[in-house]
Amino acid sequence: MRRKLAAGNWKMNGTRQATAQARDIANHPAPDIDVLLCPPATLLAAFADLPINTGGQDCHMMTSGAHTGDLSADMLADAGAAYTLTGHSERRTDHAETDTIVNAKSVAAHNAGLIAVICIGETLAQREANETLAVIDSQLAGSVPDTATAANTVIAYEPVWAIGTGKVPTLDQIGEVHSHIRAHLAKRFDDADGFRILYGGSVKASNANDIFAIDNVDGALVGGASLTAADFTPIMDALGAS
Ligand code: PEP
């Protein structure tokens, strides 16, 4: 049985004032699911006492050193994080992160005892060229390290064209990719059935029930709709009820 996960990615949003929203999210009853917030790293310590999981949005592949502005996975863990995202499409685009880099960052997360939420997904041009499954295969092969297990790794399928756009793939398209990811993992990992696979890209209360009913969707990675308790708690409720 895979425990479902409602994960929020706050991106570059939130100052200490936002702790009130995080507290409301954390205090919302959700006994049957795991809840994760990935705020800006500046807020991790402020959220450390909340009764939910917290995570970084990225980590460096090294444990320490001359890397101005970067954070190691150990530092995230030290600030209370249990998870970190790796390979979010905004990191891949804005910081030219390749699968090789994402792989090394995910190993660093594992070495620090963090659960890596490894993000993959096709662009609109790749989907329109019918390359989606090939892109997914190549990102999984390149980004998911051999250190991955069902306990220390979550895969987030996030079509780039669905992130922050209000556009969502059809339920069949999501189901096709998620079952493909499961089958891909099964070729590499004995515990492939235990890996949680999240869908991400414009998830909101109005589409959450339908998305969570799809086979092999074990939760969601949510951006915009995770910033307030009013938007995120109905998504948590939908996941708990699915
Ligand atoms: C994300 O940032 O991972 C994301 C899915 O964003 P949004 O929910 O806003 O599309």
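Two strands count as paired if DSSP finds at least two bridges between them. On that basis, β5 and β6 pair in the parallel sense, over 5 bridges. Within this pairing, Val117 has Val154 of β6 as its bridge partner. The model analysed here is a predicted one.

The strands form a closed barrel. Eight strands take part, in the order β1-β2-β3-β4-β5-β6-β7-β8, and the pairing is parallel. Neighbouring strands of this sheet are turned against each other by 25 degrees on average, with direction ignored. Several of the pairings can be followed residue by residue. β1 pairs with strand β2 (residues 34-38) over 5 bridges, in the parallel sense. Here Ala6 has Val35 in β2 as its bridge partner. Strand β3 (residues 53-56) and β4 run parallel and are joined by 2 bridges. Gly56 stands opposite Thr84 of β4. β6 and strand β7 (residues 196-200) also pair in the parallel sense, over 4 bridges. In that pairing, Ile155 stands opposite Ile197 of β7.

Side-chain directions were examined for two strands, β4 and β6. From β4, Tyr83 and Leu85 point one way, while Thr84 and Thr86 point the other way. All of these β4 residues are buried. Thr84, the residue opposite Gly56, is thus placed among the buried positions of β4. β6 is mostly covered, with 5 of its 5 residues buried. Thr153, Ile155 and Tyr157 point to one side of β6. Val154 and Ala156 point to the other. Two of these buried residues also appear in the bridges described above: Val154 is the partner of Val117, and Ile155 stands opposite Ile197.

Helix α5 lies across three strands, β4 (83-86), β5 (115-120) and β6 (153-157). The helix runs at about 160 degrees to β5. Helix α5 (residues 99-111) also packs against helix α7 (residues 132-143). The two axes are 7 Å apart and meet at an angle of about 45 degrees. The two helices are therefore oblique to each other. On the α5 side, the contact is made by Asp99, Thr100, Val102, Asn103 and Ser106. On the α7 side, Ser138, Gln139, Gly142 and Ser143 contribute. By class, this contact has 7 polar residues, 1 nonpolar and 1 charged.

Ser106 links these two descriptions. This residue lies in helix α5 and belongs to the contact with α7. Ser106 counts as buried because its relative accessibility is 0%, and the cut-off for buried is under 20%. Beyond its neighbours within four places in sequence, Ser106 is in contact with Thr86, Ala116, Ile118, Ser143 and Pro145. One of these partners, Thr86, is a buried residue of β4. Another, Ser143, is part of the α7 side of the helix contact.

The structure holds 3 aromatic pairs. One of them joins Trp10 and Phe47 in an edge-to-face arrangement. The ring centres are 5.5 Å apart, and the planes stand at 85 degrees to each other. Trp10 lies in the loop between β1 (5-9) and α1 (19-27), whereas Phe47 lies in helix α2 (residues 44-47). The pair therefore ties together parts that are 37 residues apart in sequence. Both rings belong to buried residues. Trp10 counts as buried because its relative accessibility is 1%. Phe47 is buried as well, with a relative accessible area of 0%.

Two residues other than glycine have a positive phi. Lys11 has a phi of about 50 degrees although it is not a glycine. Lys11 is found in the loop between β1 and α1, the loop that also holds Trp10. Lys11 is partly exposed, with a relative accessible area of 21%. Ala96 likewise has a positive phi, near 50 degrees. Ala96 lies in the loop between α4 (89-94) and α5. Ala96 counts as exposed because its relative accessibility is 54%, and the cut-off for exposed is over 50%.

Terms used
Residues are numbered from 1 along each chain as its sequence is written. This is a predicted model: local features need pLDDT of at least 70, side-chain atom pairs count only at pLDDT 80 or more; totals for chains, interfaces and linings use all residues. Side-chain values use heavy atoms; hydrogens and water are left out. Axes are lines fitted to C-alpha atoms, for helices over the stretch in contact, and angles run from 0 to 180 degrees between N-to-C directions. Angles under 35 degrees count as roughly parallel, over 145 as roughly antiparallel, 65 to 115 as roughly perpendicular and the rest as oblique. Contact means heavy atoms within 4.5 Å. Ala, Val, Leu, Ile, Met, Phe, Trp, Tyr, Cys and Pro count as nonpolar, Asp, Glu, Lys and Arg as charged, and the others, Gly among them, as polar. Rings of Phe, Tyr and Trp (its six-membered ring) pair if their centres lie within 6.5 Å; planes under 30 degrees apart count as stacked, over 60 as edge-to-face and the rest as tilted. Buried means under 20% relative accessible area, exposed over 50%, partly exposed in between (1.4 Å probe, protein chains only).
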